[in-house]
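I'm opening a fresh page for a structure I haven't met before. My plan is to look things up one at a time and jot down what turns up.

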Amino acid sequence: MTLQDNADQPLFEPPPGATPLWDDIRLMGLFTADRAPQDIIDAVQAALGAQLPTHRIEILEDKDWIREWMDSYQPMRFGTRLWICPSWRTPPEPDAVNLMLDPGLAFGTGTHPTTSLCLQWLDGLDLDGKTVIDFGCGSGILGIAALLLGAKKVIAIDNDPQALLATRDNAQRNGLHENQIQALLPEQVAADIVADVVIANILAAPLISLAPQLTAHLHSGGDIALSGILAEQADGVRIAYEPAVSWHTQLQQEDWIRLAGRKA
């Protein structure tokens, strides 16, 4: 059974443990071919105690559904050096920087414009020997990419324990040592931690509220990139970080913005 949005109503980043529902929902159920459609309708109507809402029945061609799902994920290139590859695919360029990542329970596979914008930014930085803070790490994709691109250490921060678990698992899958990447809840981060690079791919409202904290964690002259920002929200986010941050780049992909700058 699958619940889907039936009216293009976004639900952005609910807090851990919350399961918000849309106002208008499409419910889809898959049944084996030996089930008579009318029997299913009768059973659902009996459970509802009412007539079934607007509905349709489709006969689906039998497929290898696992293979169908796997085929939908292909290696993706970001910038000039970095590839994101699912584990069942051979990297197109074995000598490139290849991050092996399978879709999972935490956000971040490279397919979303905000993740793509951040990966391109990291690929263009000189990260050799630097410490990076990845705030809102999700799957860990940005922090792991930073390490593979030359960073010395990553502090990955997220308020969802599932994200921290995913980050640790994905780091291990890419051959990284646990000393290279710390996965922490926000309350576990020491106030005096300072990094050379800060990247945060979350949403506009938390980015604005976190401005004092994120700038405090960044060295003077350090690089910062923020994403998860809709085009109409960019000005509000930019202003929240000024004058501590001098912005030099605003890049848009679809409806999403990435801001990049340097701490004064």
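**Entry 1: a word to settle, then β4.** I call a residue buried when its relative accessible area is under 20%. I also remind myself that I'm reading a predicted model. With that in hand I went to β4 and asked which of its residues are buried on each side. Leu82 and Ile84 are buried on one side, and Trp83 and Cys85 are buried on the other, so both faces of β4 are covered. A general point helps me read that pattern: in a regular strand the side chains alternate between the two faces of the sheet.

**Entry 2: the neighbours of β4.** Next I looked up what pairs with β4. Strand β3 (residues 76-78) runs antiparallel to β4, and three bridges join the two. Within that pairing, Arg77 has Trp83 as its bridge partner. I checked the turn as well: three residues sit between β3 and β4 in this hairpin, and Gly79 there has a positive phi of about 75 degrees. Then I turned to β5, which runs parallel to β4 and is joined to β4 by four bridges. Trp83 shows up again here, standing opposite Asn98 in β5.

**Entry 3: the aromatic rings.** How many aromatic pairs does the structure hold? I find three. Trp69 and Tyr73 make an edge-to-face pair, 5.6 Å centre to centre with 65 degrees between the planes. Trp69 and Trp88 make a tilted pair, with centres 5.5 Å apart and planes at 45 degrees. That second pair links distant parts of the chain: Trp69 belongs to helix α2 (residues 65-71), while Trp88 is in the loop between β4 (82-85) and β5 (97-100), 19 residues apart. I note that Trp69, Tyr73 and Trp88 form one aromatic cluster.

Are these rings' residues buried or partly exposed? Trp69 is partly exposed at 41% relative accessible area. Tyr73 is partly exposed too, at 24%. Trp88 has 25% and is also partly exposed.

**Entry 4: the seven-stranded sheet.** I traced the strand order and wrote it down as β8-β7-β6-β9-β10-β12-β11, seven strands in an open sheet with mixed pairing. Which strands stand at the edges? They are β8 (181-184) and β11 (245-253); each has a single partner strand, so one side of each has no neighbour in the sheet. From one strand to the next the twist averages 15 degrees.

I followed the β11 edge a little further. β11 pairs with strand β12 (residues 256-263) in the antiparallel sense, over eight bridges. One bridge I picked out has Gln253 partnered with Trp256 in β12.

**Entry 5: helices across the sheet.** Which helices lie across these strands? Helix α3 (residues 113-123) lies across β9 (195-201), β10 (218-230), β11 and β12, and runs at about 30 degrees to β12. Helix α8 (residues 234-241) lies across β10, β11 and β12, at about 160 degrees to β10.

I wanted to know how covered α3 is. It is mostly covered, with 10 of its 11 residues buried. Among the buried ones are Pro113, Leu117, Leu119, Trp121 and Asp123.

**Entry 6: zooming in on Ser116.** Ser116 is a residue of helix α3. Is Ser116 buried or exposed? At 7% relative accessibility, Ser116 counts as buried. Its side chain makes a polar contact of 2.9 Å with the side chain of Gln120. Leaving out residues up to four places away in sequence, I find Ser116 touching Phe78, Gly110 and Gln253. I had met Gln253 already, as the bridge partner of Trp256.

**Entry 7: cysteines.** Last lookup: how many disulfides are there? The count comes to zero. For a reminder, a disulfide is a covalent bond between the sulfur atoms of two cysteines. The cut-off I need is that the two sulfur atoms lie within 2.5 Å. I tried Cys118, and the closest cysteine sulfur, in Cys137, is 13 Å away, too far for a bond. Looking from Cys137, the closest cysteine sulfur is that of Cys118, again at 13 Å. Cys118 is buried at 0% relative accessibility, and Cys137 is buried at 3%.

Definitions and conventions: Residues are numbered from 1 along each chain as its sequence is written. This is a predicted model: local features need pLDDT of at least 70, side-chain atom pairs count only at pLDDT 80 or more; totals for chains, interfaces and linings use all residues. Side-chain values use heavy atoms; hydrogens and water are left out. Two strands pair if DSSP finds at least two bridges between them. Axes are lines fitted to C-alpha atoms, for helices over the stretch in contact, and angles run from 0 to 180 degrees between N-to-C directions. Contact means heavy atoms within 4.5 Å. Buried means under 20% relative accessible area, exposed over 50%, partly exposed in between (1.4 Å probe, protein chains only). A polar contact is a pair of N or O atoms within 3.5 Å; within protein, one must be able to donate a hydrogen and the other to accept it, and residues adjacent in sequence count only if both atoms are side-chain atoms. Rings of Phe, Tyr and Trp (its six-membered ring) pair if their centres lie within 6.5 Å; planes under 30 degrees apart count as stacked, over 60 as edge-to-face and the rest as tilted.
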